[in-house]
Amino acid sequence: MKVIQVNNYEELGKIAGEMILEQMEAKSDSVLGLATGETPVGIYRYLAEEYRNRNLSFSKVRTVNLDEYIGMDGRDEQSYRYFMNQHLFDRVDIRKEFTEVPNGKCENAEQECLRYEKRIEEFGGIDIQILGMGENGHIGFNEPGSEFICDTHVVSLTEETREVNARFFDSADNVPEQAITMGIRTILKARKIILAAFGVKKAEALAGVLKDRVTPWLPASVLQFHPDVTVIADAAALSKCS
Ligand code: F6R
């Protein structure tokens, strides 16, 4: 894995953002795999700024997001669809019908998982996937102990993840208990992966990813099996690596 150490959050956004723009330059109809959460906000900010500053177009780009809470409508402020609209899709000229986020309000979640995998295939697979990482090493909502061979599937969130994510809700009780997430097999099929980690809270998990053996108990460690991963992290996130 290639590791890039950044000095601050802004630089993380710029370096990851430039990698995405390079991908779009090489292929205007690139398929971008996207994540929500605090880590990638700066990446989307950078992309939206560069969209305004340079003569860029996202009109041919397709996107697929990693996950969505079950029960959430795209108009709910805590939904990942809402997050993506707010931070990126409404700020660039992307075509909404080319943006995919699992439908949290679907009638049948198992069917929605199959539809999602099919859609990724129809798009031609993911060219570049952005990943954040949970403090427990989760990627997407693939929690510790997840099987590596899973495609998009329904998961029950751990109490730990629900507590961490409670910051976006009125209380931990309001955090949905289930989600749809791309599986680890789906993620590993992406041609390129960026793992972004910022802050000391990610230090332990990142040290495991970079130094220890691959284990389902630290899902992000599976990225060691992928041939093209770039880790972009600050000194605090990398502080337990030496
Ligand atoms: C979000 C996602 C999660 C987050 C992870 C880190 O779509 O899939 O795996 O990337 O929980 O979240 P932040 O960036 O808020 O620390």
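This tour moves through the structure one selection at a time and says what is there.

The model is predicted, so local features are described only where pLDDT is at least 70 and side-chain atom pairs count only at pLDDT 80 or more, while totals for chains, interfaces and linings use all residues. Residues are numbered from 1 along each chain as its sequence is written.

**The annotated domain**

Begin by selecting residues 17-224, which an unreviewed UniProt entry labels "domain: Glucosamine/galactosamine-6-phosphate isomerase"; UniProt positions are given in the numbering used here, feature names are shortened, and annotations may be inferred rather than shown by experiment. The span is 32% helix and 15% strand, and its end C-alpha atoms lie 23 Å apart. Helices (H or I, at least four residues) and strands (E, at least two) are DSSP runs, numbered from the N terminus.

**The sheet of 7 strands**

Next, colour the open sheet whose 7 strands follow the order β1-β10-β9-β6-β2-β3-β5, with parallel pairing. Because β1 (2-6) and β5 stand at its edges with a single partner strand each, one side of each is left without a neighbour in the sheet. Two strands pair if DSSP finds at least two bridges between them, and β9 (residues 192-197) is joined to β10 (residues 229-234) by 5 bridges, the two running parallel. To locate this pair, select alanine 197, whose bridge partner in β10 is alanine 233.

At the β1 edge, select glutamine 5, which is found in that strand. Its C-alpha atom is separated by 8.3 Å from that of valine 231, although the two are 226 residues apart along the chain. Leaving out residues up to four places away in sequence, glutamine 5 touches Ala233, Asp234, Ala235 and Leu238, where contact means that the C-beta atoms of two residues, placed from the backbone, lie within 7 Å. Glutamine 5 counts as partly exposed because it has 14 C-beta neighbours inside 10 Å; a residue is buried if 20 or more other C-beta atoms lie within 10 Å of its own, exposed if 12 or fewer, and partly exposed in between, with C-beta atoms placed from the backbone.

At the other edge, go to glutamate 100 in strand β5 (residues 99-100). Glutamate 100 counts as buried because it has 22 C-beta neighbours inside 10 Å. Valine 64 is 36 residues away along the chain, yet its C-alpha atom and that of glutamate 100 are separated by 4.6 Å. Not counting residues up to four places away in sequence, glutamate 100 touches Thr63, Val64, Asn65, Tyr116 and Arg119.

**The sheet of 3 strands**

Now turn to the open sheet of 3 strands, ordered β4-β8-β7 with antiparallel pairing. Here β4 (67-69) and β7 stand at the edges with a single partner strand each, so one side of each has no neighbour in the sheet. The twist averages 25 degrees from one strand to the next.

Zoom in on β7 (residues 153-156), whose covered face holds His153 and Val155 and whose uncovered face holds Val154 and Ser156. β7 and β8 (residues 178-181) run antiparallel and are joined by 4 bridges: in β8, isoleucine 180 is the bridge partner of valine 154, and glutamine 178 stands opposite serine 156. Adding helix α4 (residues 109-123) shows that it lies across β7 and β8, at about 130 degrees to β7, the axes being lines fitted to C-alpha atoms, for helices over the stretch in contact, and angles running from 0 to 180 degrees between N-to-C directions.

**The annotated active site**

Select Asp67, Asn136, His138 and Glu143, the positions at which the unreviewed UniProt entry places the feature "active site". Asparagine 136 lies in the loop between β6 (128-131) and β7, and glutamate 143 is also found in the loop between β6 and β7.

Are these two residues buried or partly exposed? Asparagine 136 counts as partly exposed because it has 17 C-beta neighbours inside 10 Å, whereas glutamate 143 is buried, with 22 other C-beta atoms within 10 Å. Beyond four places in sequence, asparagine 136 is in contact with Glu143, Pro144, Glu160 and Ala205; with the same exclusion, glutamate 143 touches Asn136, His138, Val155, Thr158 and Thr161.

**The ligand**

Finish by selecting the ligand and the 13 residues that surround it, the closest being Thr36, Gly37, Glu38, Thr39 and Gly132; a residue is near a molecule if its C-beta atom, placed from the backbone, lies within 6 Å of it.
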